[in-house]
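The following exercises concern helix packing, cysteines and overall architecture. Each task is followed by a worked solution.

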Amino acid sequence: MYLKKSHSDGVTSRLNGIGKQDHESKRKRKMAEISQALTTTPVDVAALRRMAISEGGLLTDEIRCKVWPKLLNIQTDDLLDKPGAALRENNKDYQQVLLDVRRSLRRFPPGMPDEQREGLQEELIDIILQVLLGNPQLHYYQGYHDIVVTFLLVVGEKLATALVEKLSTHHLRDFMDPTMDNTKHILNYLMPIIERVNPEVHDFMQRAEVGTIFALSWLITWFGHVLSDFRHVVRLYDFFLACHPLMPIYFAAVIVLYREPEVLECECDMASVHHLLSQIPQDLPYETLISRAGDLFVQFPPSELAREAAQQQSQRTAVSTFKDFELVSAQQRPDTVLRRRFKEQLAKEVESKAVMARPRSSRFVKLAVMGLTVALGAAALAVVNTALQWAPKIDLQLFP
């Protein structure tokens with residue numbers, strides 16, 4: 001049957017067309033800005049960080065091959081050669097790495113020929129063993145291969161080895177200790193973040209005695225193990241590589257906060273809440289959550305949460321002395337005008353929310369920062385500036 005197109009259908013079609021054109025225009029503009037930052041002498045790393053954090057991240061794997069090394073201060077013209085067969089001989093980690101890599105079939109693109117996948121798995125083993133051999137202070141953990149395979153699939157074996165080595169001695173360092181003490185300590189940041197934003201959810205989880213172990217695999221694999229869509233994984237890696245090492249725990253917090261209705265409707269017992277939270281949804285609004293995580297980092301920086309997260313008075317972790325990979329000396333100091341503008345905008349949002357929204361709990365009014373997605377640019381810059389402020393403070397103890 002012939003159906004005459006209504007006027008509204010025509011309007012909708014035109015609006016969709018305009019939306020697509022606007023999206024493509026923003027994409028091209030961002031690619032041009034990234035290209036300009038890469039060709040500047042010296043490379044404008046601060047601009048690259050902003051691009052990695054802002055909506056859409058670094059857009060393509062081709063761009064990631066160029067930008068990820070800059071974010072980690074890797075010189076791509078001085079990469080190690082492929083290791084020889086002796087790498088696997090008498091290696092104490094080889095058997096465990098082999099078992100984990102063999103179980104990693106789901107991390108490779110569906111439909112990839114077996115021969116190609118098996119070749120990549122061999123490269124994955126070599127990357128892990130080479131990093132461990134060159135850094136005997138590091139200890140392999142199950143889940144590490146989930147991070148390494150992401151870099152392998154995006155940048156290839158040689159560059160992935162260099163990136164993973166730098167990452168393992170900085171962002172991932174606390175996960176690679178002989179014990180899980182520091183990993184557990186980092187997980188302790190989760191509940192203080194949730195409490196500051198939504199005391200009702202925090203108190204419910206405390207009553208359920210669910211703890212934070214449900215987020216362990218999120219944290220130590222940078223969500224690579226729990227997300228099925230590779231596009232979402234690399235988008236998060238753009239974000240995490242451009243930010244402070246504790247940013248993954250902020251992202252974990254916003255996932256829990258986003259699922260507030262499900263959490264509060266759940267049976268208030270450990271088994272039920274743990275089961276709910278450990279099953280991470282695959283259709284999350286990633287850009288919104290990335291924006292919220294960045295905003296929360298600005299609102300509640302690690303230094304403000306450290307005392308609550310600390311289990312031992314003298315405990316220190318690698319993130320407590322985070323240094324921005326020697327890049328700070330080549331960059332300008334944080335722009336205080338941007339930070340002030342962000343705070344002013346946040347204050348206006350909080351005031352507006354307080355008038356328009358009725359709080360669910362007398363203990364708090366939900367932070368406007370959780371809905372501050374339209375101000376992603378300002379939030380992204382504030383996150384970058386906050387991270388850079390850490391860099392010169394080499395002896396700063398995050399944990400009292």
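**Exercise 1.** In this predicted model, determine how the axes of helix H12 (residues 230-241) and helix H16 (residues 286-299) are arranged, and classify the arrangement.

*Solution.*
- Step 1. The axes of H12 and H16 come within 11 Å of each other, and they cross at roughly 20°.
- Step 2. Angles under 35 degrees count as roughly parallel; H12 is therefore roughly parallel to H16.
- Step 3. As for handedness, the crossing of H12 past H16 is right-handed.
- Step 4. On the H12 side, the contact involves His 232, Arg 235, Leu 236 and Phe 239. These meet Tyr 286, Glu 287, Ile 290, Ala 293 and Gly 294 of H16.
- Step 5. Sorted by class, the contact of H12 with H16 comprises 5 nonpolar, 2 polar and 2 charged residues.

**Exercise 2.** Carry out the corresponding analysis for helix H6 (residues 144-155) and helix H7 (residues 157-168).

*Solution.*
- Step 1. H6 and H7 pack with their axes 8 Å apart, at an angle of about 140°.
- Step 2. Roughly antiparallel would require an angle over 145 degrees; H6 is therefore classed as oblique to H7.
- Step 3. H6 passes H7 in a right-handed crossing.
- Step 4. H6 contributes Tyr 144, Ile 147, Val 148, Phe 151, Leu 152 and Val 155 to the contact. From H7 come Glu 157, Leu 159, Ala 160, Leu 163, Val 164, Leu 167 and Ser 168.
- Step 5. The class count for the contact of H6 with H7 is 11 nonpolar, 1 polar and 1 charged residues.

**Exercise 3.** State how many disulfides the structure holds, and explain why Cys 268 is not bonded to the closest cysteine sulfur.

*Solution.*
- Step 1. A disulfide is a covalent bond between the sulfur atoms of two cysteines. The structure holds 0 disulfides.
- Step 2. For Cys 268, the closest cysteine sulfur belongs to Cys 266, at 8.3 Å.
- Step 3. The cut-off for a disulfide is 2.5 Å between sulfur atoms; the sulfur of Cys 266 is therefore too far from that of Cys 268 for a bond.
- Step 4. Regarding accessibility, Cys 268 has a relative value of 34% and counts as partly exposed. Cys 65 is likewise partly exposed, with a relative accessible area of 28%.

**Exercise 4.** Describe the chain as a whole in terms of helices and strands, burial and contacts between residues at least 6 apart in sequence.

*Solution.*
- Step 1. The chain has 19 helices and 0 strands.
- Step 2. The chain has 400 residues, of which 51% count as buried.
- Step 3. Among contacts between residues at least 6 apart in sequence, 80% join residues at least 24 apart.

Methods
Residues are numbered from 1 along each chain as its sequence is written. This is a predicted model: local features need pLDDT of at least 70, side-chain atom pairs count only at pLDDT 80 or more; totals for chains, interfaces and linings use all residues. Side-chain values use heavy atoms; hydrogens and water are left out. Buried means under 20% relative accessible area, exposed over 50%, partly exposed in between (1.4 Å probe, protein chains only). Axes are lines fitted to C-alpha atoms, for helices over the stretch in contact, and angles run from 0 to 180 degrees between N-to-C directions. Helices (H or I, at least four residues) and strands (E, at least two) are DSSP runs, numbered from the N terminus. Angles under 35 degrees count as roughly parallel, over 145 as roughly antiparallel, 65 to 115 as roughly perpendicular and the rest as oblique. A crossing is left-handed if the near helix is turned anticlockwise from the far one by less than a right angle, and right-handed if clockwise. Contact means heavy atoms within 4.5 Å. Ala, Val, Leu, Ile, Met, Phe, Trp, Tyr, Cys and Pro count as nonpolar, Asp, Glu, Lys and Arg as charged, and the others, Gly among them, as polar.
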